[in-house]
Amino acid sequence: MSTQTQPGQVFVTGTGRCGSTLVSELLREHPQVLSLSELFNHLTDMYRLTARVFPEGPITAAEFWRILSSRNTVNRLLTANGLAPKEVLYRPSPATRFQADTGIPAVLLTTLPHLSESPDELYDELEAAVAGFPDTGVGEHYLRLFSWLCARFGKTLWAERSGGSLILAGQFRDHFPDARYLHIVRDGRDTALSMSRHNGFRMAAVVMALHLTLGHDPYAEEPDPDTERDLGFVPEELLPFLPERFDAEAVRDYRLPVSLFGTYWADEMKRGMEAMSALPRENVLHVWYEDLLAAPEESLHRIAEFLGPDFVDADWERLAAAKVGAPSSTWRDLPDAEREELDQACAPGFSVLAAHGVVPTTGAGTTNKTASTARSGA
């Protein structure tokens, strides 16, 4: 594909629960931007199946379509049991082609409903378009897909945003060498609190624990009904999360410490900032969610300038800024002991951000241990 005909390429990335969903929704309102939401999250079934989504070597159009149309286990169980996060926009009903019990193609869970009020019809159009793709590497397939969608909707730049996609920074760098990155950062303590209340992130944490306990991912393939799984080492509280024993009520009631998600946030921030620092500085823009809330028009103007001079649009900035609200909860409302544990868990992530000079103008995102460093911008 000629680079002269390619639209602009931007990944809106972050740790998840950082405000990137809001940014994706605001970008959807921009007249020139194709906002692609949750594609790689759903293709990888919450970042578990990355090797399948980014295979090595050339693949056929049929193989690429199998990636896009995969019906993955974790998302299928969450949807079938009424646990799908609100970011999942495809809601099965008698009027929809796909139903929860049989699974919904990954590209249909959020990406296509985010673009069209007739996602089933767009799915058919997309299948026909992909069928004509030549054999090539998977990165080129994705670029052809995004270019086709840009042409279909009359856009000149695509911005893919998957919650938690900072974990894919290495794959993005390898397969999309010309892409730029809009990195949304939120105070890790509020991020962790939001993760702890989000079915997708809680499920991801438990599936990871099952993987470590069993030595394999129980969701990577359908369970064999004729083979009994060895559950000798699985803690009793995790048994309802196994795919063959999935208990929606137990999933709703299960609670994990907020500090666990604080540790996850800090670890992802360390890996993510390392990946971001390897990119040309002009290809990365860090935007704090707290700054977006405090000064929406100014933050949106920075984003538009980063997309390119042709994307600066005062009307879009004004209308989009009016849709920016306030978060519903804060880590400061936690009990003292829980708040202190969370603060300590997030401290390494704040230190990494401060070391790279990524600090908000609002003064958020500092702990007692990092406040003086963050203020100096070291």
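How much area does the chain expose, and what share of it do carbon and sulfur atoms supply? The chain exposes about 16700 Å², of which carbon and sulfur atoms supply 49%, with accessible areas coming from the Shrake-Rupley method with a 1.4 Å probe, where for residues only the protein chains shown count as cover. Before you select anything, note that this is a predicted model, in which local features need pLDDT of at least 70 and side-chain atom pairs count only at pLDDT 80 or more, while totals for chains, interfaces and linings use all residues. Residues are numbered from 1 along each chain as its sequence is written, and side-chain values use heavy atoms, with hydrogens and water left out.

**The whole chain**

Begin with the C-alpha trace, which spans about 60 × 55 × 40 Å along its principal axes. For 378 residues a compact globule would have a radius of gyration near 21 Å, and the chain agrees with its 21 Å; this radius is taken over C-alpha atoms, and the globule rule is 2.2 Å times the number of residues to the power 0.38. Colour by secondary structure and you can look for 19 helices and five strands, where helices (H or I, at least four residues) and strands (E, at least two) are DSSP runs numbered from the N terminus. Of the 378 residues, 56% count as buried, a word that means under 20% relative accessible area, whereas exposed means over 50% and partly exposed lies in between (1.4 Å probe, protein chains only).

**Strand β3**

Next select residues 157-161, strand β3, where five of the five residues are buried. Both faces are covered, with L157, A159 and R161 on one side and W158 and E160 on the other. Now add residues 8-13, strand β1, which pairs with β3 in the parallel sense over five bridges; two strands pair if DSSP finds at least two bridges between them. In this pairing, V12 has R161 of β3 as its bridge partner. Then show strand β2, residues 33-37, which also runs parallel to β3 and is joined to β3 by five bridges, and find L34, whose bridge partner in β3 is W158.

**Two threonines in loops**

Move to T44, in the loop between α2 (39-43) and α3 (50-53), which counts as buried because its relative accessibility is 0%. Leaving aside residues up to four places away in sequence, T44 touches L49, T50 and V53, where contact means heavy atoms within 4.5 Å. The second stop is T136, in the loop between α8 (119-130) and α9 (138-153), and T136 is buried with a relative accessible area of 18%.

**Helix α12**

Select residues 199-214, helix α12, whose 16 residues should span 22 Å at 1.5 Å a residue, and whose end C-alpha atoms are indeed 22 Å apart; the expected span is 1.5 Å times one less than the number of residues. Among the buried residues here are F201, M203, V206 and L210, and the cover over the buried residues of α12 includes α5 (73-80), α11 (188-196), α13 (248-253) and α14 (258-277).

**Helix α16**

Finish at residues 296-307, helix α16, and colour its buried residues, which are P296, S299, L300, I303, A304, F306 and L307. Seen down the axis of α16, these buried residues fall within an arc of 160°, so they line one face of the helix; the arc is that of the directions from the helix axis to the C-beta atoms. Just after α16, stop at G308, which takes a positive phi of about 140°.
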